[in-house]
Amino acid sequence: MINQQIVDQLRFCLEKGKKISFLVGAGISAESGIPTFRGKDGYWISGSKNYKAEEIGTYKMFSTASREVWKWFLYRKCTTERAKPNQSHSILKELEEVLGDQFALISQNVDGLHRKAGSSDERTYLIHGDFDFVRCGDECSKELYPFPKEISLTNRNKNVITEQEWAALRCPKCGEDLRPHVLWFDEYYNERYFKLDSVLKISKHTGILFIIGTSGATNLPRQVAQNVLAKGGMVVEVNINDSYFSDLLEHKKKGVVIRSKSSVFLTELKGVVLALV
Ligand SMILES: [Zn+2]
């Protein structure tokens, strides 16, 4: 699966101090039982209404029906709370230990599983936010707060938020609704919350980028891949399905597409990297 071209590029990166970067998405967490945000698992039924994730996961919806949005998020948060990191998360953590500052993990996953697996906050760039934090929905400050402990994440009735829980979802500074610290479908990337500039900088210093388990539906992942190619780096897509990246890499000299489950690929990659360092 890992051909000589990839091995040579890894060796080159290690010798020249180039970044070895990983851009990962929902495919990494699928083996931990986390459903994807989009598609059939993203629906939310409330009363007679049936929302798509793209409708309820928006600032527009939050600003008019924050309680409904929170019900949906708490339901999702319960799923991630129960989930355990899988082999892919563990190998990414081990690769970080081996590669040190040459390693960068850019993740679209908000489920907290990289942290649970032991990946460092310093080298992990959570470009779509982090379920483990909340912030003021009114932006009275830019501060992130840990997810409130008062919220029960086991045995919850998905249609009910108690008054005690609702009180815990008030901003401690201004009293407005707190919001989940995630990038909603109608919002834009920025540096403060989503490390936009840092990630673009990393992409320009990346000698090889592994894109694993993401369809590349949003624009920052696409920009990262394009930047790496533009600077002469290699981009390797690992996905069981076709994606935007498969098309992007099809006729590129430094583009490789591998059809594999993430855990199978990463196990092989770990062996290759350990033999090179
Ligand atoms: Zn506030």
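Reader: Which residues of the largest nonpolar core touch the most other members?

Author: As a general idea, nonpolar side chains tend to be buried together in soluble globular proteins. In this predicted model, the largest nonpolar core has 28 residues, and I6, F22, F210, L266 and L269 touch the most other members.

Reader: Which helices and strands each supply at least two residues of this core?

Author: The contributing helices are α1 (4–16), α6 (87–99) and α13 (262–276), while the strands are β1 (19–24), β4 (103–107), β9 (206–212), β10 and β11 (255–258). The largest share, five residues, belongs to α13.

Reader: What does L269 touch, apart from residues up to four places away in sequence?

Author: L269 touches I2, L10, F22, L95 and F210. Two of these partners, F22 and F210, are themselves among the core residues that touch the most other members.

Reader: How many residues does the second, separate core have?

Author: That core has 27 residues, including I56, W72, V110 and W166.

Reader: Let us turn to the metal. Which protein atoms are the donors of the zinc ion, and what is the geometry of the site?

Author: A metal site is read from its donor atoms and from the angles among them. Here the zinc ion has the SG atoms of C136, C140, C171 and C174 as its protein donors, at 2.3 Å. The angles among the four donor atoms run from 104 to 112 degrees, and the site is tetrahedral because four donors count as such when all angles lie between 85 and 135 degrees.

Reader: What spacing do the donors follow along the chain?

Author: The spacing is C-x3-C-x30-C-x2-C. C140 and C171 link distant parts of the chain, 31 residues apart. C140 lies in the loop between β6 (129–136) and β7 (144–146), whereas C171 lies in the loop between α8 (163–168) and β8 (178–182).

Reader: Is C171 buried or exposed, and what of C140?

Author: C171 counts as buried because its relative accessibility is 4%. C140, with a relative accessible area of 38%, is partly exposed.

Reader: How many disulfides does a search of the whole structure find?

Author: The search finds zero disulfides.

Reader: Finally, where is N239 placed, and is N239 buried or exposed?

Author: N239 is in the loop between β10 (234–238) and α12 (244–249). Its relative accessibility is 8%, so N239 counts as buried. Leaving aside neighbours within four places in sequence, N239 is in contact with G213, T214 and S215, and also with I258, R259 and S260.

Methods
Residues are numbered from 1 along each chain as its sequence is written. This is a predicted model: local features need pLDDT of at least 70, side-chain atom pairs count only at pLDDT 80 or more; totals for chains, interfaces and linings use all residues. Side-chain values use heavy atoms; hydrogens and water are left out. Helices (H or I, at least four residues) and strands (E, at least two) are DSSP runs, numbered from the N terminus. Buried means under 20% relative accessible area, exposed over 50%, partly exposed in between (1.4 Å probe, protein chains only). Contact means heavy atoms within 4.5 Å. A nonpolar core is a set of buried Ala, Val, Leu, Ile, Met, Phe, Trp, Tyr and Cys residues joined through side-chain atoms within 4.5 Å. Donors are N, O and S atoms within 2.8 Å of the metal (3.2 Å for Na, K and Ca); water is not among the atoms, so sites may look incomplete. Four donors count as tetrahedral if all angles lie between 85 and 135 degrees; four count as square planar and six as octahedral if opposite donors are over 155 degrees apart and all others between 65 and 115; anything else is irregular. A disulfide is a pair of cysteine sulfur atoms within 2.5 Å.
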